[in-house]
Amino acid sequence: MKAAVGDRIVIASTVVDQVPRDGRVVEVRHPDGSPPYLVEWSDTGDVSLVFPGPDAHIDHHEHPEGAAPAGQVRKSWTVTVTITEEGDRTTATAVLSAEGAAVDGVGLARRNPKDVAAPAVGDEVAVSRALRHLADRLLDVADSALRTGDPGRTPLVD
């Protein structure tokens, strides 16, 4: 993990129903951008020294002229989610596009006729299932590339 002053650090909660915590990196203690970082938390304004674990990630701010910090390569992948509602069924399709290729995942949600209609909940369930399916498919693509000895191919193949 590498960061620069101004980057945003996000730490996922290890507790169900608790929101992730985020803050702005205000000091990097090593020239290569490695941890620990001094972070100003967005929820409290407090500043603390952070040794990020596997539940943390860095959102990089734009560096001069859009360049990545030294030693980093930036890539941009896009995920588009389409939701279709039809009666008590909701279908979500998540498509990850990167470097001229794409992979997708589909998620379904169906309301039990005994449940109260809550379309937003159906959307959330369908989208979460689509994203989980997308993640599984992406791992399968990477695994296949490593097993076939072709890690230099176009990264995503549907």
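User: Where is the place of Pro36 in this chain?

Analyst: Pro36 lies in the loop between strand E2 (21–28) and strand E3 (37–41). Helices (H or I, at least four residues) and strands (E, at least two) are DSSP runs, numbered from the N terminus. The model is predicted, so local features need pLDDT of at least 70 and side-chain atom pairs count only at pLDDT 80 or more, while totals for chains, interfaces and linings use all residues. Residues are numbered from 1 along each chain as its sequence is written, and side-chain values use heavy atoms, with hydrogens and water left out.

User: What makes the peptide bond from Pro35 to Pro36 notable: is it cis or trans?

Analyst: The bond is cis, with omega near 5°.

User: How many helices and strands does the protein chain have?

Analyst: There are 1 helix and 8 strands, and along the sequence they follow the pattern β-β-β-β-β-β-β-β-α.

User: Why is Val79 called partly exposed?

Analyst: Val79 is found in strand E6. Buried means under 20% relative accessible area, exposed over 50%, and partly exposed in between (1.4 Å probe, protein chains only). Val79 has a relative accessible area of 42%, and is therefore partly exposed. Of the 158 residues of the protein chain, 25% count as buried.

User: What makes Val79, Val81, Ile83 and Leu131 a patch?

Analyst: Patches are made of residues with over 30% relative accessible area and no salt bridge (a side-chain nitrogen of Lys or Arg within 4 Å of a carboxyl oxygen of Asp or Glu). Like charges are joined within 9 Å, and nonpolar side chains (Val, Leu, Ile, Met, Phe, Trp, Tyr) within 5 Å. With 42%, Val79 passes the area cut-off, so Val79 can belong to a patch. Together the four residues form a nonpolar patch on the surface with about 280 Å² of accessible area, by the Shrake-Rupley method with a 1.4 Å probe, where for residues only the protein chains shown count as cover. Strand E6 (residues 78–86) gives the most to this patch, with 3 residues.

User: Why is the set that includes Ala92, Leu96 and Val141 called a nonpolar core?

Analyst: A nonpolar core is a set of buried Ala, Val, Leu, Ile, Met, Phe, Trp, Tyr and Cys residues joined through side-chain atoms within 4.5 Å. The largest such core has 11 residues, among them Ala92, Leu96 and Val141, so these three are buried residues of listed kinds. Strand E7 (89–98), strand E8 (101–110) and helix H1 (119–148) each give two or more residues to this core, and H1 gives the most, with 5 residues. Apart from it lies another core, of 10 residues, including Ala3, Ile11, Val25 and Val39.
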